[in-house]
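The following note concerns the enclosed cavities of the structure shown below, together with the confidence of the model. The points are numbered for ease of reply.

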Amino acid sequence: MATAAVTGGKNEGIAPLPRRKAWKALQSHYKKVRELHLRQLFADDPKRGQRMNAEAVGLFLDYSKNRITDETLKLLLELAEESGLRSRMEAMFRGEKINTTEKRAVLHVALRAPKDSSIVVDGQDVVPQVHIVLDKMAQFSNRVRSGEWKGHTGKGIRNVINVGIGGSDLGPVMAYEALKFYSQRNMTFRFVSNVDGTDFAEAVQDLDPSETLFIISSKTFTTLETMTNAHTARDWSLKGLGGDEKAVAKHFVAVSTNAADVAKFGIDTANMFEFWDWVGGRYSMDSAIGLSTMLAIGPENFRAMLDGFHQMDVHFRTTPFERNLPVLMGLLALWYNDFFGAQTVAVLPYEQYLKRFPAYLQQLTMESNGKHVTLDGAPVTYNTGPVYWGEPGTNGQHSFYQLIHQGTRLIPCDFIGFGQPLNPLGRHHDMLMANVFAQTEALAFGKTPEQVKADGTPDWLVPHRVFEGNRPSNTILAQRLTPEVLGKLVALYEHIVFTQGTIWQINSFDQWGVELGKVLAQRIIPELEGQAEPAPAHDSSTNNLIHRYRKLKAASL
């Protein structure tokens, strides 16, 4: 099927989603298959498990435990084609300004492009710029890691604190935790994001200012939360270093584009690492925002992670949709979101190092596809981004799996597991992975009343011990968690987001929804800090809360 052209970020010739032929066919098809049970689907096709899988760049995807038939998959793939996915994908990789509301290209893929590739934006090849920054990051990281970089008192750096928020925090935190096995263990890494003073106070509680380096990550160097924490860090550092303003340049570096304000803060602009407006915050962990990651794992491992990203980019761009991992997973999540009314997706990594991966995906998916209007500004008449959530391994089994198994909500699940552990300890890993396979089996097939009775369960207890099953899941397997594999996993979900956003005809790359509350907060701050009681300027609830807070703040302890 021919795909429509993409111009200026909009799909020309693409009908609104409810009017697309494949969408209408899926609506009719859903009515026929919605009651089908996975027990029956597997009984009718004993080789379903061998057929319904795909493998690429070292990741194996089993999608056989989904409530789909071959016809379902065919129609979903037709929907992708009819939605212009291929042409919009090419527009992104070419550097077209598909982020129409901000008139920007969307080029996180350029952050991991090889040196010999070329991506042109506004007449300029951006790939050389990317590698200049990467080389600068590597040189700096090597100096710090080797002890060559000295603090104000001549001591080496043993502590690194990344100060950022949103994409300038969630990516670095997740990557550090995920790749901790590869980190330099004689260094401590911490992350401050919340404007709550406790976040900063606890981060520096046991640290020596003379051995501590702060990375201030803010593109504009004006982000309220980040700069509040940055100035607190500056005060803490100077207090511990005798108040010499020159000390700032030895203990602070910046990831920013605002050289003037960086210099005003006291940071040497030679230690300012650049990134670009064609990189959204939630897509920036492989840019200079990842400086803390490179400091932790070293330039070689960081470049291996970038290579993993790039391998998935190439797979997404070049592989037919029926074998394309991000396309398949994006379509399956859309099937449950838009036809079954599923409101969430659980991401369940059976690897303790990936404990922050679900939290990272929350921003990636929900800030991207939590949209209520189309690219043309028309209200959407269907569900867009679901809620993503999850916890690692067997921890979740002893908390929320009860709801997934026997609750009234349909919750599709992505299980992530590895063939080899990073910390082999006797039977631990076999037990861990046995739980992956057991949980997906239990979710799919459940336990019937007859099976429960056969166990000798009293009749009155039988309903409580029945598992309906028919709960869908994907299973992703890789050999072991390496920097390269982490890059592949992150890029996989980036492109899942892209696939869904294209079909929904929304802009996955702006985030106007985060702005209103921030603007209102700027109005309220002086009302909380002023000496005089402020005149009522809000609704009755907000006015009363401000009044009550001022009383609590003024009360003696």
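1. The structure is a predicted model. Its chain has an average pLDDT of 96, and 97% of the residues reach at least 70. Residues 1-5 fall below 50 in pLDDT; in the model, this stretch makes 15 contacts beyond near neighbours in sequence.

2. How many cavities of 30 Å³ or more are there? The count comes to two. The largest cavity has a volume of about 100 Å³, and the second largest holds about 30 Å³ of space.

3. The lining of the largest cavity is made up of 14 residues. Those nearest the centre of this cavity are Met329, Ala333, Val345, Asp414 and Asn474. Two or more lining residues come from each of helix H14 (325-340), strand E14 (413-418) and strand E15 (473-478). Helix H14 supplies the largest share, with four residues.

4. As to the chemical character of the lining of the largest cavity, ten residues are nonpolar, three are polar and one is charged.

5. Which residues line the second largest cavity? They are Leu111, Val130, Val133, Leu134, Met137, Trp276, Asp286, Ser287 and Ala288. By class, this lining comprises seven nonpolar residues, one polar residue and one charged residue.

6. For discussion, the two linings may be set side by side. Ten nonpolar residues are found around the largest cavity, and seven around the second largest. One charged residue is present in the lining of the largest cavity, and one in that of the second largest.

Conventions
Residues are numbered from 1 along each chain as its sequence is written. This is a predicted model: local features need pLDDT of at least 70, side-chain atom pairs count only at pLDDT 80 or more; totals for chains, interfaces and linings use all residues. Side-chain values use heavy atoms; hydrogens and water are left out. pLDDT is the predictor's confidence in each residue, from 0 to 100. Contact means heavy atoms within 4.5 Å. On a 1 Å grid over the protein atoms alone, a cavity is a set of points where a 1.4 Å probe fits but cannot get out, and a pocket is an open set with protein on both sides within 12 Å along at least five of seven lines; lining residues have an atom within 4 Å of a point. Grid points are joined across faces, edges and corners, and a volume is the space filled by probe spheres set on the points. Ala, Val, Leu, Ile, Met, Phe, Trp, Tyr, Cys and Pro count as nonpolar, Asp, Glu, Lys and Arg as charged, and the others, Gly among them, as polar.
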